[in-house]
Amino acid sequence: MSNPIAAGNSAPTRAQLEGTRTLDRILDGRGLLQLGSQGEAVASVQELLRIKGYSLGQDKAGTFGKGTEAAVARFQKNHGILIEGVGASGRVDMPTLERLTGPKADIVPGDRPATSSDNFS
């Protein structure tokens, strides 16, 4: 299966993400991605984070490493997706994925929109 995220600077909609089993489970509230997760679902989330302007550090596409975890945590903090007593978890759950797939206008201070000079490989 190919990555459901099309090249470009627009965030995919929920409908575009559906069909990837892991992402379907997250959107239904029955799953999550976290440190150590691997596969196309991770690659899709990483692309969403890049589009929103978050650096993944040295993480390879499809591998949820420390860089992806830190990017998710920054995104969660910037968007108020916090767990009581924990703060930003750094894990991709339903609220995080739904916010990541929000409109491009949903960029808040701390996010940096992707530019043509960004490396998406």
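A contact, in these legends, is a pair of residues with heavy atoms within 4.5 Å. With that in hand, we can start with the whole protein.

**Figure 1. The whole protein is built from helices.** The model is predicted, so local features need pLDDT of at least 70 and side-chain atom pairs count only at pLDDT 80 or more, while totals for chains, interfaces and linings use all residues. Residues are numbered from 1 along each chain as its sequence is written, and side-chain values use heavy atoms, with hydrogens and water left out. Among contacts with a separation of 6 or more, 54% join residues 24 or more positions apart. The protein has 5 helices and 0 strands, and its elements run α-α-α-α-α from the N terminus. Helices (H or I, at least four residues) and strands (E, at least two) are DSSP runs, numbered from the N terminus. Of the 121 residues, 41% are buried. Buried means under 20% relative accessible area, exposed over 50%, and partly exposed in between, with a 1.4 Å probe and protein chains only. About 6400 Å² of the protein is exposed, and carbon and sulfur atoms supply 51% of that area. Accessible areas come from the Shrake-Rupley method with a 1.4 Å probe, and for residues only the protein chains shown count as cover.

**Figure 2. Several helices share the largest nonpolar core.** A nonpolar core is a set of buried Ala, Val, Leu, Ile, Met, Phe, Trp, Tyr and Cys residues joined through side-chain atoms within 4.5 Å. The largest one has 19 residues, of which Leu 33, Val 45, Leu 49, Val 92 and Leu 97 touch the most other members. Helices α2 (21–27), α3, α4 (66–78) and α5 (94–100) each supply at least two residues of this core. The most comes from α3, with 5 residues. Take a look at Leu 49: leaving out residues up to four places away in sequence, Leu 49 touches Tyr 54, Leu 56, Thr 68, Ala 71, Val 72, Phe 75 and Leu 100.

**Figure 3. Helix α3 is largely enclosed.** Of the 12 residues of α3, 11 are buried, so this helix is largely enclosed by the rest of the structure. From its first C-alpha to its last, α3 reaches 16 Å, close to the 16 Å expected at 1.5 Å a residue. The expected span of a helix is 1.5 Å times one less than its number of residues. Ile 51 belongs to α3 (residues 40–51) and is buried, with a relative accessible area of 3%. Ile 51 and Leu 100 are 49 residues apart in sequence, yet their C-alpha atoms are 9.6 Å apart in space. After α3 comes Gly 53, with a positive phi near 100°.

**Figure 4. Two salt bridges sit in different settings: one pair is buried, while Asp 28 and Arg 30 are partly exposed.** A salt bridge is a side-chain nitrogen of Lys or Arg within 4 Å of a carboxyl oxygen of Asp or Glu, and the whole structure holds 2 of them. The side chains of Arg 50 and Glu 47 form one (3.6 Å, N to O). These two residues are 3 apart in helix α3, so about one helical turn separates them. An α-helix has 3.6 residues a turn, so residues three or four places apart point the same way. Asp 28 and Arg 30 form a salt bridge too (3.3 Å, N to O). Asp 28 has 45% relative accessibility, and Arg 30 has 48%.

**Figure 5. An aromatic pair links a loop to helix α4.** Rings of Phe, Tyr and Trp (its six-membered ring) pair if their centres lie within 6.5 Å; planes under 30 degrees apart count as stacked, over 60 as edge-to-face and the rest as tilted. This rule gives 1 aromatic pair. The ring centres of Tyr 54 and Phe 75 are 5.7 Å apart and their planes are at 75°, so the pair is edge-to-face. Tyr 54 lies in the loop between α3 and α4 and Phe 75 in α4, so the pair ties together parts that are 21 residues apart in sequence. Both Tyr 54 and Phe 75 are buried.

**Figure 6. Gly 90 is a buried loop residue.** Gly 90 sits in the loop between α4 and α5, and its relative accessibility is 0%. Its C-alpha atom is 6.2 Å from that of Ala 70, 20 residues away along the chain. Beyond neighbours within four places in sequence, Gly 90 contacts Phe 64, Glu 69, Val 72, Ala 73 and Gln 76.
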